[in-house]
Amino acid sequence: TPDQAVAWFWRQSKRGLKRPVVYANASTMPQVVAALKGQGIPRSAVRLWVAHYTYVAHIESGYDACQFTDRAYGHNLDQSLLCATFFD
């Protein structure tokens, strides 16, 4: 849930992780972003990986990665596209 994402972020930050990744589907992600922002977590402190099955490789504006299919290579296989700086 969005509230769980906030608590998870703080736990990861306390462990020393920089820019932890938060993953959610496209319909939930706006609530996750709002919850993070509402708790004073800046966008620059977190990577956002959204699941949005368009079956076309893309990265949604405002996100760092997008899982765009669950049918990669004709199999029941997820596939995502990540921005070039995802692992920085």
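Q: Which radius of gyration does the chain have, against that of a compact globule with 88 residues?
A: This is a predicted model. For a compact globule of 88 residues, a radius of gyration near 12 Å would be expected. The value of the chain agrees with this, being 13 Å.

Q: What does the C-alpha trace of the chain span along its principal axes?
A: The extent of the chain is given along its principal axes, using the C-alpha trace. The spans are about 40 × 25 × 20 Å.

Q: What pattern does the chain follow when read along the sequence?
A: The chain contains 2 helices and 4 strands. Read along the sequence, these elements follow the pattern α-β-α-β-β-β.

Q: Which strands are the edge strands of the open sheet?
A: The open sheet has 4 strands in the order E1-E2-E3-E4, and its pairing is mixed. An edge strand here pairs on one side only. The edge strands are therefore strand E1 (21-25) and strand E4 (79-82).

Q: In which sense do E1 and strand E2 pair, parallel or antiparallel?
A: Strands of a sheet pair through backbone hydrogen bonds, in either a parallel or an antiparallel manner. Strand E2 comprises residues 47-51, and 5 bridges join it to E1. One of the bridge pairs sets Ala24 against its partner Val50 in E2. The sense of the pairing of E1 and E2 is parallel.

Q: What angle does the direction of helix H2 make with that of E1?
A: Helix H2 covers residues 29-38 and packs on the sheet. In doing so, H2 touches both E1 and E2. Its direction and that of E1 make an angle of about 145°.

Q: How is H1 placed relative to H2, oblique or roughly parallel?
A: Two packed helices are described by the angle and the distance between their axes. Helix H1 (residues 2-14) packs with H2 at an angle of about 50°, and their axes are 8 Å apart. Angles under 35 degrees would count as roughly parallel, and 65 to 115 as roughly perpendicular. The angle falls in neither range, so H1 is oblique to H2.

Q: How many nonpolar, polar and charged residues does the contact of H1 with H2 have?
A: On the side of H1, the residues in contact are Pro2, Ala5, Val6 and Phe9. They meet Gln31, Val32, Ala35 and Leu36 in H2. By class, the contact has 7 nonpolar, 1 polar and no charged residues.

Key: Residues numbered from 1 in each chain as written. Predicted model: local features only at pLDDT ≥ 70, side-chain atom pairs only at ≥ 80, totals over all residues. Heavy atoms only, no water. Pairing = 2+ DSSP bridges. Contact = heavy atoms within 4.5 Å. Axes fitted to C-alpha atoms, helices over the stretch in contact; angles between N-to-C directions. Parallel < 35°, antiparallel > 145°, perpendicular 65-115°, else oblique. Nonpolar A, V, L, I, M, F, W, Y, C, P; charged D, E, K, R; others polar. Rg over C-alpha atoms; globule rule 2.2 N^0.38 Å.
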